[in-house]
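Good morning, colleagues. Please look at the sequence and the structure as they come up on the screen.

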Amino acid sequence: MVLSIAALIGCDEIDCTLYNTVFMRSTFYSDGSQISLTDTLTVGTGREARILLNRMTGASDLTLPLSHWQEVDTLVLTVSGENYLVEDTLWITKTNTPYFESPDCPTNVFHYITSVNSTHTFIDSVSILEPHVNYAQGENLRIHLYSAD
């Protein structure tokens, strides 16, 4: 009996962060206001041709993972409508820092965005609002689209 009580007292609760997935959050803007895309959006990774987001409609923001060890991530944004298809590519330059919480929790990688470039097909510019990509769910990038005019 005493041994059982000692074992219970000696055990502690694993305190891993519940939402320990690291995502970059981006929002779409046009003419200074946040917008929702009315057409279909697909996001891929470029060379590897991996799809991160497939055929989303009404997108006003994106929540996407970043690679753990590459210094530059390539994201290909494809917008398609009834009679058209346009692509723009984003290159996100960043540093990667492994984040260790405890032996019981998986190691994550935090990122620090240093620059973002695009091919400027339908993306006018990209603003970095919060360069730290970690557990916080704030807005990291603001993607400014060319106006519809």
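I shall go through the sheet, one of its strands, the nonpolar core and a histidine. Please keep in mind that this is a predicted model.

Let me begin with the sheet. Six strands make up an open sheet, and their order is 4-3-6-7-8-10, with antiparallel pairing. At the edges stand strand 4 and strand 10, the latter comprising residues 132-133. Each of these two has a single partner strand, so one side of each is left without a neighbour in the sheet.

I turn now to strand 3, residues 40-44. On one side, strand 3 runs antiparallel to strand 4, residues 51-57, and 4 bridges join the two. Within this pairing, Val43 stands opposite Leu53, and Thr40 is placed opposite Thr57. Strand 3 is also joined to strand 6, residues 72-80, by 5 bridges, and this pair too is antiparallel. Here Leu41 has Val79 of strand 6 opposite.

Is strand 3 enclosed or open to the outside? Of its 5 residues, 5 are buried, so strand 3 is largely enclosed by the rest of the structure. Thr40, Thr42 and Gly44 point one way, while Leu41 and Val43 point the other way, and all are buried.

Leu41 leads us to the nonpolar core. In soluble globular proteins, nonpolar side chains tend to be buried together. The largest nonpolar core in this model holds 27 residues, and those that touch the most other members are Phe28, Leu41 and Leu77. Elements giving two or more residues to this core include strand 1 (24-30), strand 3, strand 6 and strand 7 (85-99). Others on that list are strand 5 (61-64), strand 8, strand 9 (123-128) and strand 11 (141-145).

Which residues does Phe28 contact, apart from its neighbours within four places in sequence? Among them are Leu41 and Leu77, which are themselves named with Phe28 as touching the most other core members. The contacts of Phe28 also include Ile35, Leu37, Leu62, Ile143 and Leu145, together with polar residues such as Ser33, Gln34 and Asp61.

Finally, I come to His111, which lies in strand 8, residues 108-118. His111 has a relative accessible area of 5%; buried means under 20%, so this residue is buried. Its side chain makes a polar contact of 2.7 Å with the side chain of Asn96. Beyond residues up to four places away in sequence, His111 touches Asn96 and its neighbours Lys94 and Thr95, as well as Leu66, Ser67 and His68. Val22, Pro131, His132 and Val133 are also touched by His111.

Definitions and conventions:
Residues numbered from 1 in each chain as written. Predicted model: local features only at pLDDT ≥ 70, side-chain atom pairs only at ≥ 80, totals over all residues. Heavy atoms only, no water. Buried < 20%, exposed > 50% of the residue type's maximum accessible area, 1.4 Å probe, protein only. Helix = DSSP H or I, 4+ residues; strand = E, 2+ residues; numbered from the N terminus. Pairing = 2+ DSSP bridges. Polar contact = N/O pair within 3.5 Å; in protein donor to acceptor, adjacent residues only side chain to side chain. Contact = heavy atoms within 4.5 Å. Core = buried A, V, L, I, M, F, W, Y, C linked by side-chain atoms within 4.5 Å.
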